[in-house]
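Visitor: Hi, I have a structure open and could use some company while I look through it. Can we chat about how the pieces pack?
Guide: Happy to, let's take a look together.

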Amino acid sequence: MTTTEPTAPPIETPPADRVTEEELARKARRAELTSRWFWRILSYIAVLAIWEFALLDIFSFLRGSPLDPKLLPGPSEVVATFFEIWGEGTMPAAFQATLTRIAVGFGLSFLIGAMIGILMQSKWFEGFFKDAVLISLSAPGLIWVLITAIIFGNRPLGPAIAIILTTFALVTVNVSEGIKALPKDLLDMAKSFQVSVFKRNRQIVIPHLAPYLFTGLRFGFSIAWKVTVLTEVFSSSEGIGFEMRISAVLFDMSEFLTWILAFFFFALFLEKVVLEAIERRYFRWRQAVTAT
Amino acid sequence: MAEIRIKNLHKEFGVGEDKVVALEDVNLDITGHSFVSIVGPSGCGKSTLLNILTGIETPTSGTVAITSDGHVAAPGYVFQAARLLPWRTVTDNLMFVQEDRSEDTRKRCQRYLEMVQLGDKGTKFPGELSGGMQQRVGIARAFSIEPDVLFMDEPFSHLDAITARALRRELHHMWDETKKMVVFVTHDVGEAVELSNRILVFAKGGRLEDDIQIDLPFPRDPADDEVAVAKAHVLRKFEELDLLAS
Ligand SMILES: Nc1ncnc2c1ncn2[C@@H]1O[C@H](COP(=O)(O)OP(=O)(O)OP(=O)(O)O)[C@@H](O)[C@H]1O
Ligand SMILES: [Mg+2]
């Protein structure tokens, strides 16, 4: 404590220090990110290298075992097949078919799930939907895939219903939780400052719900992917899952793996690049909160 | 000139066994260029009274009216906690409560941020500021709409002594200059005596127990005899209430 009278209140940190401090923090973050990505990528390279290496001729004594190149083609062969299929133009078409199914099915599921989440704020509707939500959350997706495949065959409604049944509850649970946690103190604050209801919804309710919706979107989407491909394996005439079935039936392991790899990389791209970019862009304030 | 008229105000929360009486039969007029402090023990309904006056809560019975020159007065409210939107920057938090987004308004917001020594923090998110800094943003927000009546609920209790003193002076200066009305809740009798020309003492159960005028010139020095006497007087009131309660 000082006993002298200050002429101006103290400033927290001199601005000059502040800049270098931030610079240092940013550098540290970048270094940390680089090393994380390095190890991540290294894991892929390691697996691929071992896989390729095990199939070399020097291990020919293993022929007849599962490591036979005829049964399990190496990564280089799979990559070659990938470009072959890509050149034929079947890949974009298959992805388009699958993605359209996901977009329609999961779009509907998201709307329905959010609506039920809102309705469940009332005691009666909560009682009405509670068990349905629980069942959807806990039953394996395969059940719905099989049921819809039996009932709908290869009609487009099948996958959509399978997606809705497996994912709506994830959205419902998140929306419902978000609504329960609405920040009453902020809404009261806005009310006392006579901020319009429209502006309160737009600047308080929606930003508050956004992370909850995003979580529902993210988890729901990752399940919608798997379910869609599964429905295609069972009961479709186009799409990634269908192509997998065809290669399996034709016993073309190299093509089968190509489709799996393509599927895997696309999912990884969506998850790690697209969704994470959205998160960084729109939820920057959350990093600020966790930083302190 | 702003006017607050409170008639037979009664407020309870909950029903049956959970019923809590927060305010009981409060009658009160505050007019003109007053600086009114509300003091009283924790839970005596101080925040509830401000919430009713600012339209957040509705009375169980009775009426309140806040007018300024015949029209409905615009209140500014500084809360016990900062209540900032975590997803908006400091500047946008101030802009959120403005009526328009004009350049003049923006400049005014910046001016009040500078008043609370946060002129360079406009682009930060609240999560990047310390608790005391967040509280100061809340103060700047209430000032920035240049309200007819400024309601403050223990605004300085989370701040360090030096910052609190600087802001107390700034507040008083503004009150003097703009001739606005300030309604100020505090636990600190010294603070109340230093700042206000009227002190309302509330007791447990939400009853208005005492209404004390303090007609000493500003600025008031706590070391000054008359200020010390006034403070002792209010403290004695407190003790009497305590005795009554036990
Ligand atoms: N929303 C609410 N629901 C139920 N009870 C409430 C609510 N708000 C306040 N109360 C009750 O009303 C009484 C008065 O509360 P209030 O917050 O006005 O006290 P206060 O004088 O501001 O106390 P403090 O000095 O601790 O801030 C308390 O008993 C409190 O429990
Ligand atoms: Mg209070």
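Visitor: At what angle do helix α2 and helix α10 of chain A pack?
Guide: This is a predicted model, and in it helix α2 (residues 75–88) of chain A packs against helix α10 (residues 253–282) of chain A at an angle of about 80°. Their axes are 9 Å apart.

Visitor: Are α2(A) and α10(A) then roughly parallel or roughly perpendicular to each other?
Guide: Roughly perpendicular, because the angle of about 80° falls in the range of 65 to 115 degrees that counts as such.

Visitor: Which residues meet there?
Guide: From α2(A) you have A:Glu77, A:Val78, A:Thr81, A:Phe82 and A:Ile85. Facing them in α10(A) are A:Ser254, A:Glu255, A:Leu257, A:Thr258, A:Leu261 and A:Ala262. Sorted by class, the contact of α2(A) with α10(A) has six nonpolar, three polar and two charged residues.

Visitor: OK, another pair. How far apart are the axes of α6 and α8 in chain A?
Guide: They are 8 Å apart. Helix α6 (residues 157–180) and helix α8 (residues 197–235) of chain A pack at an angle of about 165°, and are therefore roughly antiparallel to each other.

Visitor: And is that crossing left-handed or right-handed?
Guide: Right-handed, as α6(A) passes α8(A). The contact of α6(A) with α8(A) has 13 nonpolar, twelve polar and one charged residues.

Visitor: Switching to chain B: what is its secondary structure?
Guide: Chain B has seven helices and ten strands.

Visitor: What is the radius of gyration of chain B?
Guide: For chain B it is 18 Å. That agrees with a compact globule, because one of 246 residues would have a radius of gyration near 18 Å. Along the principal axes, the C-alpha atoms of chain B fill a box of roughly 55 × 50 × 35 Å.

Visitor: How much of chain B is buried?
Guide: Of its 246 residues, 42% count as buried. As for contacts in chain B with a separation of 6 or more, 69% come from residues 24 or more positions apart.

Visitor: Last one: how many residues does each chain bring to the contact between chain B and chain A?
Guide: Chain B brings 21 residues and chain A brings 21 residues. On the side of chain B that touches chain A, β6 (75–78) and α5 (161–178) of chain B each supply at least two residues. The most comes from α5(B), with three residues.

Visitor: What classes do the residues on that side of chain B divide into?
Guide: The side of chain B that touches chain A has 14 nonpolar, five polar and two charged residues.

Methods
Residues numbered from 1 in each chain as written. Chains lettered and ligands numbered in written order. Predicted model: local features only at pLDDT ≥ 70, side-chain atom pairs only at ≥ 80, totals over all residues. Helix = DSSP H or I, 4+ residues; strand = E, 2+ residues; numbered from the N terminus. Rg over C-alpha atoms; globule rule 2.2 N^0.38 Å. Buried ≥ 20, exposed ≤ 12 C-beta atoms within 10 Å, placed from the backbone. Contact = placed C-beta atoms within 7 Å. Nonpolar A, V, L, I, M, F, W, Y, C, P; charged D, E, K, R; others polar. Axes fitted to C-alpha atoms, helices over the stretch in contact; angles between N-to-C directions. Parallel < 35°, antiparallel > 145°, perpendicular 65-115°, else oblique. Left-handed = near helix turned anticlockwise from the far one by under 90°.
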